[in-house]
Amino acid sequence: MRGAYVLADAAAGGDPEVILIGTGSEVALCLEAYEQLTSEGVKARVVSMPSWELFDDQDRAYRDSVLPPHVKARVSVEQASDFGWSKYTGSEGHNVCIETFGASAPLKQLLKKFGFTAENVAAAAKSQIVRHRSRD
């Protein structure tokens, strides 16, 4: 009903260093990357965003509680185009997506080819953290 929800958050409270955003089946991949990042001491948050429209209709306080504006390191995971995701990841966020059409192979091979692995999402998250730390 609110369009986006925090599914997993930074250990020991505190602010996350990076936010991973997914919708549908991509949420499971975000959770896998979250587990990897957490095991490495990275404070990450996973947000499930099944409806941009419902989320955008929420008051600013709720939207900011899910996607705190001061946390600039963000990664979206979408097994389609990245169209529209920059609204939530920022202009310098990282969007794991597919921008081509017509690839044919077994699903596991395609997912790996296009970067839909926990390792790739975690690497994108770490890269985002480094990028935004250097600007603070």
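This tour moves through the structure one selection at a time and states what is found at each stop.

**The whole chain**

Begin with the entire protein in view, bearing in mind that this is a predicted model. Its secondary structure comes to six helices and five strands. Followed along the sequence, these elements give the pattern β-β-α-β-α-α-β-α-β-α-α. Of the 136 residues in the protein, buried residues make up 43%.

**Strand S2**

Select residues 18-22, which form strand S2. Five of the five residues in S2 are buried, so the strand is largely enclosed by the rest of the structure. Now display the side chains and consider their directions. In a regular strand, side chains alternate between the two faces of the sheet. Here Val18, Leu20 and Gly22 point one way from S2, while Ile19 and Ile21 point the other way. All of these residues are buried.

**The neighbours of S2**

Keep S2 selected and add residues 44-48, which are strand S3. S2 and S3 pair in the parallel sense, over five bridges. Next add residues 74-77, strand S4. S4 also runs parallel to S2, and four bridges join the two.

Gly22 is a useful residue on which to centre the view. Which residues stand across from Gly22 in S3 and in S4? In S3, Ser48 is opposite Gly22; in S4, the bridge partner of Gly22 is Val77.

Then add helix H1, residues 26-39. Together S2, H1 and S3 make a β-α-β unit, and this unit is right-handed.

**The aromatic cluster**

Clear the selection and choose Trp52, Phe55, Tyr62, Trp85 and Tyr88, which ring pairs link into a cluster. The structure holds five aromatic pairs. For one of them, look at Trp85 and Tyr88: their ring centres are 6.2 Å apart and their planes lie at 70°, so the pair is edge-to-face. Are these two residues buried or exposed? Trp85 counts as buried because its relative accessibility is 1%, and Tyr88 likewise counts as buried, at 4%.

Remain at the cluster and add Arg2 to the selection. Arg2 lies over the face of Tyr62, at 3.7 Å from the ring centre.

**Two cysteines**

Select Cys30 and Cys97 next. Cys30 is buried, with a relative accessible area of 0%. Cys97 also counts as buried, at 16% relative accessibility, because the cut-off for burial is under 20%. The count of disulfides in the structure comes to zero.

**Salt bridges on helix H6**

The last stops concern charged side chains. Side chains of opposite charge can pair when their charged atoms come close. The structure has six salt bridges, and the three visited below each involve a residue of helix H6, among them Arg133, Lys126 and Arg131.

Select helix H6, residues 118-133, and display Arg133 together with Glu17. Their side chains meet in a salt bridge, at 2.2 Å from N to O. This pair links distant parts of the chain, 116 residues apart, since Glu17 belongs to the loop between strand S1 (5-8) and S2. Arg133 counts as exposed, at 51% relative accessibility, whereas Glu17 is partly exposed, with a relative accessible area of 23%.

Move along H6 to Lys126 and add Glu40 to the view. The side chains of Lys126 and Glu40 form a salt bridge of 2.8 Å, N to O. Glu40 is in the loop between H1 and S3, so the pair ties H6 to a part of the chain 86 residues away in sequence. Lys126 counts as partly exposed, at 33% relative accessibility, and Glu40 is likewise partly exposed, at 42%.

Finish with Arg131 and Glu92. Their closest N and O atoms are 3.9 Å apart, and the two residues form a salt bridge. Where in the chain is Glu92 found? Glu92 lies in the loop between helix H4 (86-89) and strand S5 (94-96), 39 residues apart from Arg131 in helix H6. Glu92 is partly exposed, at 29% relative accessibility, as is Arg131, with a relative accessible area of 35%.

Key: Residues numbered from 1 in each chain as written. Predicted model: local features only at pLDDT ≥ 70, side-chain atom pairs only at ≥ 80, totals over all residues. Heavy atoms only, no water. Phe/Tyr/Trp six-rings, centres within 6.5 Å; stacked < 30°, edge-to-face > 60°. Buried < 20%, exposed > 50% of the residue type's maximum accessible area, 1.4 Å probe, protein only. Lys NZ or Arg CZ within 6 Å of the ring centre and 35° of its normal. Pairing = 2+ DSSP bridges. Right-handed = clockwise from strand over helix to strand, strands pointing away. Disulfide = S-S within 2.5 Å. Salt bridge = Lys/Arg side-chain N within 4 Å of Asp/Glu carboxyl O.
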